[in-house]
Amino acid sequence: MKKIISLILLLLILTACSNNPQKESSKESSVEANGIVESVNDDSILVNSFKENSDKTPADKNEKIHFGIKDKYYNEEGKKIKLSEIKINDKVLIELSNDYEILETYPGQIDSMDVIKIIKLNS
């Protein structure tokens, strides 16, 4: 009887200590979008033709999104770059959290906490 109770307690402890894979996958999931840089400021960029890559409809050239971010910029090789290296008409790939929201302002805005990284695509 003691062995059965000990085994049940051990299983409960192991179950409680195990990771929940569903929570981890939702944390790691992301959405990719792309666009063209319309303007660059000291601490932000404005992206035109913003479009999620999973969206089958063509990009709306008037879909502008403002990103107030200073430090999440990378080149295609994955190396961190400065905001000053982003230029007008650069194509960018934006990696966003799966549950990002576009604020209903003009231009639209996405919270910097939802932006994982912005990748400059053309050299």
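User: Leaving aside its neighbours within four places in sequence, which residues is leucine 83 in contact with?
Analyst: Keep in mind that this is a predicted model. Leucine 83 sits in the loop between β4 (73-74) and β5 (91-97). Its contacts beyond those neighbours are Val40, Asn41, Asp42, Asp43, Ser44, Ile45, Ile69, Lys70 and Tyr73.

User: Is leucine 83 buried or exposed?
Analyst: The cut-off for buried is under 20% relative accessible area. Leucine 83 comes in at 7%, so it counts as buried.

User: What separates the C-alpha atoms of leucine 83 and aspartate 43?
Analyst: Asp43 is among the residues in contact with leucine 83. Along the chain the two are 40 residues apart, yet their C-alpha atoms are separated by 7.5 Å.

User: How many residues lie between β1 and β2 in their hairpin?
Analyst: Strand β1 (residues 30-40) and β2 run antiparallel, joined by six bridges. One pairing puts alanine 33 with glutamate 52 in β2. The hairpin that β1 and β2 form has between them four residues.

User: Which residue in β3 stands opposite valine 47?
Analyst: β2 is also joined to strand β3 (residues 65-67), by three bridges, and these strands run antiparallel. Opposite valine 47 in β3 stands isoleucine 65.

User: How many residues of strand β2 are buried?
Analyst: Strand β2 is bridged to β1 and also to β3. The strand spans residues 45-52 and is mostly covered. Of its eight residues, the number buried is seven.

Notes:
Residues are numbered from 1 along each chain as its sequence is written. This is a predicted model: local features need pLDDT of at least 70, side-chain atom pairs count only at pLDDT 80 or more; totals for chains, interfaces and linings use all residues. Side-chain values use heavy atoms; hydrogens and water are left out. Buried means under 20% relative accessible area, exposed over 50%, partly exposed in between (1.4 Å probe, protein chains only). Helices (H or I, at least four residues) and strands (E, at least two) are DSSP runs, numbered from the N terminus. Two strands pair if DSSP finds at least two bridges between them. Contact means heavy atoms within 4.5 Å.
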